[in-house]
Amino acid sequence: MTAAFTPLSPFGMEITGASGDQLVHQEAADRCRELLNEHGVMIYRELDIGDDDLVAFTRLLGEPEVAKTSEHRHPEIDTITLDPAKTNAVLAGYRRGNFHWHIDGATIPIPQKATLLTAREVDPAGGDTEFASTFLAYQALPEAEKARLDGLTVVHSFAAAQLRANPTPTDEERAAWNRVPSRTHPLVWTRSNGRKSLLVGATAGEVMELPGQEGQALLERLLDWATQPQFVLRHQWRRGDLVIWDNTGMLHRALPFEPTSRRLMHRTTLVGEEAVA
Ligand code: OGA
Ligand code: MN
């Protein structure tokens with residue numbers, strides 16, 4: 001079967017009629033990377049890619065990260081579920097943070113280049129995933145606002161992100177969050193090719209150059225700006241879908257679903273390739 005490529009709005013590319021084994025070739029991976037950089041999100045509908053092919057394809061795209069869960073026969077695969085029976089219970093709790101707009105790896109020096117998520121089980125009642133392009137959001141800012149943001153830096157922390165999902169943590173929970181080092185990044189991420197994007201989201205806690213409340217108000221305003229409908233793509237999952245996003249320029253979040261949901265994703269990530277500058 002020949003795969004069909006359909007550009008989505010306001011960004012993204014949907015591919016139908018592809019199979020997992022077709023992807024595990026260098027040419028297919030190179031084409032995917034090129035389209036990913038251009039379109040931000042690649043949605044392979046009902047691809048049903050197996051774990052072996054998922055890892056092989058990830059390797060052809062770049063350098064896979066080793067997953068934190070270490071509970072899969074492939075060390076590169078993370079289990080994404082809220083169900084503590086299906087994964088490490090502490091990590092299942094942390095996944096509630098996925099309901100808030102975020103960029104993966106915003107607390108590390110070089111955020112992950114891309115995330116690959118494939119649906120093993122879907123929830124008919126919820127759990128769509130939304131993406132917001134921080135490239136489009138930056139571009140659309142008034143020039144005076146762009147000038148104001150120039151030179152500002154932001155502290156990103158795991159604690160800031162978890163606090164949104166769990167506003168009344170125990171002392172132990174807070175201590176565990178605080179063990180993850182925080183990171184200060186420029187608010188506007190300028191790539192070596194000149195492209196610019198906003199680096200905001202749940203991990204963004206304070207603006208170094210502004211008084212606390214003023215900085216927080218700015219970060220909330222920019223997050224609201226970046227997640228307006230004209231910058232957002234919503235994906236409704238079918239079992240077997242593989243979605244890949246350019247994590248450096250895509251805020252994303254899961255829409256609500258129950259903790260007891262059967263929704264189950266397998267995820268691989270690509271090590272980052274460009275430090276935030
Ligand atoms: C992730 C993530 C969102 C979802 O795996 O990094 O944010 O919809 N997932 O499961
Ligand atoms: Mn994520």
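**A tour from the manganese ion to a buried strand**

Begin by selecting the manganese ion (ligand 2), whose protein donors are His 102 through NE2, Asp 104 through OD and His 252 through NE2, at 2.1 to 2.2 Å from the ion. Keep in mind throughout that this is a predicted model. Along the chain these donors follow the spacing H-x1-D-x147-H. Asp 104 lies in the loop between α4 (89-94) and β5 (114-121), while His 252 belongs to strand β14 (residues 250-254), so the pair ties together parts that are 148 residues apart in sequence. Asp 104 has a relative accessibility of 9% and counts as buried, and His 252, at 4%, counts as buried as well.

Next, select strand β13 (residues 242-246), where five of the five residues are buried. In a regular strand the side chains alternate between the two faces of the sheet. Colour Leu 242, Ile 244 and Asp 246 on one side and Val 243 and Trp 245 on the other, and you will have marked two covered faces.

Now add the strands that pair with β13. Strand β3 (residues 41-44) runs antiparallel to β13 and is joined to it by four bridges, with Tyr 44 standing opposite Leu 242. Strand β5 is also antiparallel to β13, over five bridges, and here Thr 115 stands opposite Trp 245.

Finally, move to helices α7 (residues 158-165) and α8 (residues 171-178), whose axes come within 8 Å and cross at roughly 145 degrees, in a right-handed crossing. To see the contact, show Phe 158, Ala 159, Gln 162 and Leu 163 of α7 together with Arg 174, Trp 177 and Asn 178 of α8; these residues divide into four nonpolar, two polar and one charged.

Conventions: Residues are numbered from 1 along each chain as its sequence is written. Chains are lettered from A and ligands numbered from 1 in the order in which they are written. This is a predicted model: local features need pLDDT of at least 70, side-chain atom pairs count only at pLDDT 80 or more; totals for chains, interfaces and linings use all residues. Side-chain values use heavy atoms; hydrogens and water are left out. Donors are N, O and S atoms within 2.8 Å of the metal (3.2 Å for Na, K and Ca); water is not among the atoms, so sites may look incomplete. Buried means under 20% relative accessible area, exposed over 50%, partly exposed in between (1.4 Å probe, protein chains only). Axes are lines fitted to C-alpha atoms, for helices over the stretch in contact, and angles run from 0 to 180 degrees between N-to-C directions. A crossing is left-handed if the near helix is turned anticlockwise from the far one by less than a right angle, and right-handed if clockwise. Contact means heavy atoms within 4.5 Å. Ala, Val, Leu, Ile, Met, Phe, Trp, Tyr, Cys and Pro count as nonpolar, Asp, Glu, Lys and Arg as charged, and the others, Gly among them, as polar. Two strands pair if DSSP finds at least two bridges between them.
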